[in-house]
Amino acid sequence: MFMSNNACFVPTSFWLTGIPGLEPLHIWLSIPFSSMYLVAVVGNVTILAVVKMEHSLHQPMYFFLCMLAVIDLVLSTSTMPKLLSIFWFGAHNIDLDACLAQMFFIHCFATVESGIFLAMAFDRYVAICDPLRHTSVLTHTVVSRLGLAALLRGVLYIGPLPLMIRLRLSFYQTQIIAHSYCEHMAVVTLACGDTTVNNLYGMGIGFLVLILDSLAITASYVMIFRAVMGLATPEARLKTLGTCSSHICAILVFYIPIAVSSLTHRFGHHVPPHIHIILANFYLLIPPILNPVVYAVRTKQIRGRLLHILKAGAQLK
């Protein structure tokens, strides 16, 4: 690495601390984290397999669910293998390019997931407020284009983050990132020189994605609830709202951990660093774990297909 005159240097790699302050417990922490990662992988692969095998599930809502499953697999796999290698083998070192790639995948696919939730809200809005046109509006082609639009938005929004770090921030005060993965702000705060542009861009993207997406989703559900309240009987209202319950639960599972982690990071100055890091990991792990559970429990078609598979497996034994 190249040393500059002001004690800053150009690193070729960084050093991830894992969960700072809990280093003696890393081997024990690996047990719950590896278990959660395994549950996330099995759960999301199961959702993909069930939707693929069950032709009655070849509908827009379940295609969006498959997109969520793929995104959750990417998010959890972007962080957990490296974290577990730190826990098990002390593999703290990560190349600069690998660090920037990890940063891109984490922030990009979190953005894509938010976009898919927005598309799912549109799907629920059309299904409830204009049911006769649902199949003609949400065709397979439209669903594919919505998924592609969410992906392209994520790439366009997040692509500049690692590029700006690579091109603008060459010198760093230290190689040590007090985190378990290469989070954008955790890397930027180590840089020498002016980081205003990086900070403003990161905050702007956070506003565009989280605030505007959540407002758009809220607006769609306000219109949905207005349409539901116009139904004749309480039974019809409950049945219609029941079709939205899985989506609402998944939205809460996604946004609440992000909100808690962000608020703790911004305002929890007296919160120990290891709590910040654990919360940051949980917001990447909780949705991949709970999304398959939510949809398996609350969706009759998925639940029925899973029970059928389990019964068939039991009969083979």
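This passage describes two pockets, one helix and one residue of a predicted model.

The largest pocket encloses about 1,300 Å³ of space. It is lined by 47 residues. Closest to its centre are Glu 183, Leu 210, Ile 258, Ser 262 and Tyr 283. Several elements supply at least two residues each to this lining: helix 3 (96-129), strand 5 (176-177), helix 7 (184-188), helix 8 (196-229), helix 9 (234-267) and helix 10 (273-298). Helix 8 gives the largest share, with 13 residues. By class, the lining of the largest pocket holds 32 nonpolar, 13 polar and 2 charged residues.

Leu 210, one of the residues closest to the centre of the largest pocket, belongs to helix 8. Is Leu 210 buried, partly exposed or exposed? Its relative accessibility is 26%, so Leu 210 counts as partly exposed. Beyond its neighbours within four places in sequence, Leu 210 is in contact with Tyr 255 and Ile 258. Ile 258 is also among the residues closest to the centre of the largest pocket. Val 51 lies 159 residues from Leu 210 along the chain, and the C-alpha atoms of the two are separated by 28 Å.

The second largest pocket has a volume of about 380 Å³. Its lining comprises 16 residues. Met 61, Tyr 62, Gly 242, Thr 243 and Gln 301 are the closest to its centre. Helix 2 (60-89), helix 3, helix 9 and helix 11 (300-316) each supply at least two lining residues. Here the largest share, 4 residues, comes from helix 9. The lining of the second largest pocket divides into 4 nonpolar, 8 polar and 4 charged residues. Helix 3 and helix 9 each supply at least two residues to the lining of the largest pocket and at least two to that of the second largest.

Attention now turns to helix 5. This helix spans residues 140-158 and has 19 residues. From its first C-alpha to its last it reaches 27 Å, close to the 27 Å expected at 1.5 Å a residue. Its buried residues are Val 143, Gly 147, Ala 150, Arg 153, Gly 154 and Ile 158. These residues lie on the same side of helix 5, because they cover an arc of only 120° around the axis. The face turned away from this buried side carries the exposed residues Arg 145 and Leu 156. What covers the buried residues includes helix 2, helix 3, helix 6 (160-168) and helix 8. Helix 8 thus appears in the cover of helix 5 and in the lining of the largest pocket.

Definitions and conventions:
Residues are numbered from 1 along each chain as its sequence is written. This is a predicted model: local features need pLDDT of at least 70, side-chain atom pairs count only at pLDDT 80 or more; totals for chains, interfaces and linings use all residues. Side-chain values use heavy atoms; hydrogens and water are left out. On a 1 Å grid over the protein atoms alone, a cavity is a set of points where a 1.4 Å probe fits but cannot get out, and a pocket is an open set with protein on both sides within 12 Å along at least five of seven lines; lining residues have an atom within 4 Å of a point. Grid points are joined across faces, edges and corners, and a volume is the space filled by probe spheres set on the points. Ala, Val, Leu, Ile, Met, Phe, Trp, Tyr, Cys and Pro count as nonpolar, Asp, Glu, Lys and Arg as charged, and the others, Gly among them, as polar. The expected span of a helix is 1.5 Å times one less than its number of residues. Buried means under 20% relative accessible area, exposed over 50%, partly exposed in between (1.4 Å probe, protein chains only). The arc is that of the directions from the helix axis to the C-beta atoms. Contact means heavy atoms within 4.5 Å.
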